[in-house]
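Here's a quick walk through the aromatic pairs in this chain and the core around them. Have the sequence and the 3D view open as you read.

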Amino acid sequence: MRFIRQLLSALLGAAIIAAALLGAVAPASAHDAAESTSPASGATVPAPPEQVTVTFNKNPLALGSQILVNDAAGTNWSDGAVEIVDNVASQKLKAGAPAGAYTVVWRVVSSDSHPIEGSFTFTATAGATGSTAAAAVPTMGTAQPGTTPAPSQPASAAEPFPWSIVIFVGTAIGILVVLGLMAKSRLKSDSGSDTKS
């Protein structure tokens, strides 16, 4: 009887540890997110900047990255490929961009290989000169906290499979099976010794 109580205590302890570890693993599977942009979302700048940037909480992958900088007429002013250095994705603009409102639409592959995307806007009060002069660009993040839209999952993208959780659950089940076999073996040996005496 004492052994059964010990076995139940061990199973309860294993269940508590499993629940705690699953709780610790779940936040780790959260996707990367944009922390700030330059120009800041909703900012007004003297002229279109030489480049726009998106800063992430982790280092995104360069594969499949795209940043479009569209003016009010829908013309894309992006020039060349997206450049990613550490956690910052940058996109250069073509020279001669006009004054007006701009919408920046970005898409990158996060550090966990999941595509994330978002957008922000800014307004240039004057057009860029022939060679895009460096403009004073607000870079302290978004104009107000929470104005940068949260990265949304594209409709065609699937969630990455949580292998770490599967491995953990498999290990926990294996431990429970071993404990059960040990209990069964112990009960057989205890009943065998009882019949002999």
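## Aromatic pairs and the core

Phe56 is buried, with a relative accessible area of 2%; buried here means under 20%, exposed means over 50%, and partly exposed is in between (1.4 Å probe, protein chains only). Trp106 is buried too, at 1% relative accessibility.

A word on the ground rules: this is a predicted model, where local features need pLDDT of at least 70, side-chain atom pairs count only at pLDDT 80 or more, and totals for chains, interfaces and linings use all residues. Residues are numbered from 1 along each chain as its sequence is written, and side-chain values use heavy atoms, with hydrogens and water left out.

How many aromatic pairs does a search of the whole structure find? It turns up two. For a pair, ring centres of Phe, Tyr or Trp (its six-membered ring) must lie within 6.5 Å; planes under 30 degrees apart count as stacked, over 60 as edge-to-face, and the rest as tilted. Here they are side by side:

| Pair | Centre to centre | Angle between planes | Type |
|---|---|---|---|
| Phe56 and Trp106 | 5.2 Å | 80° | edge-to-face |
| Tyr102 and Phe122 | 5.1 Å | 10° | stacked |

The Phe56 and Trp106 pair ties distant parts of the chain together: Phe56 sits in strand 3 (residues 51-56) and Trp106 in strand 7 (residues 100-109), 50 residues apart. Strands and helices are DSSP runs numbered from the N terminus (strands E, at least two residues; helices H or I, at least four).

The stacked pair also links distant parts of the chain, with Tyr102 in strand 7 and Phe122 in strand 8 (residues 115-124), 20 residues apart. Both rings belong to buried residues: Tyr102 has a relative accessible area of 1%, and Phe122 is at 1% relative accessibility. Look across the strands and you'll see Tyr102 standing opposite Phe122. Strands 7 and 8 pair in the antiparallel sense over ten bridges; to count as paired, two strands need at least two DSSP bridges between them.

Now for the sheet. Strands 7 and 8 are part of an open sheet of four strands, in the order 2-8-7-4, with mixed pairing. Strand 2 (43-45) and strand 4 (61-71) are the edges, each pairing on one side only.

What about the core? The largest nonpolar one has 20 residues, and Val52, Phe56, Ile67, Val69, Trp106 and Phe122 have the most contacts inside it. Such a core is a set of buried Ala, Val, Leu, Ile, Met, Phe, Trp, Tyr and Cys residues joined through side-chain atoms within 4.5 Å. Strands 3, 4, 7 and 8 each give two or more residues to this core. In soluble globular proteins, nonpolar side chains tend to be buried together.

Val104 is worth a click. This strand 7 residue is buried at 0% relative accessibility. Leaving out residues up to four places away in sequence, Val104 touches Val52, Ile67, Leu68, Val69, Gly118, Ser119, Phe120 and Phe122, where contact means heavy atoms within 4.5 Å. Its C-alpha atom is 5.9 Å from that of Thr121, 17 residues away along the chain.

Zooming out, the chain has two helices and eight strands, in the pattern α-β-β-β-β-β-β-β-β-α. Buried residues make up 29% of its 197 residues.
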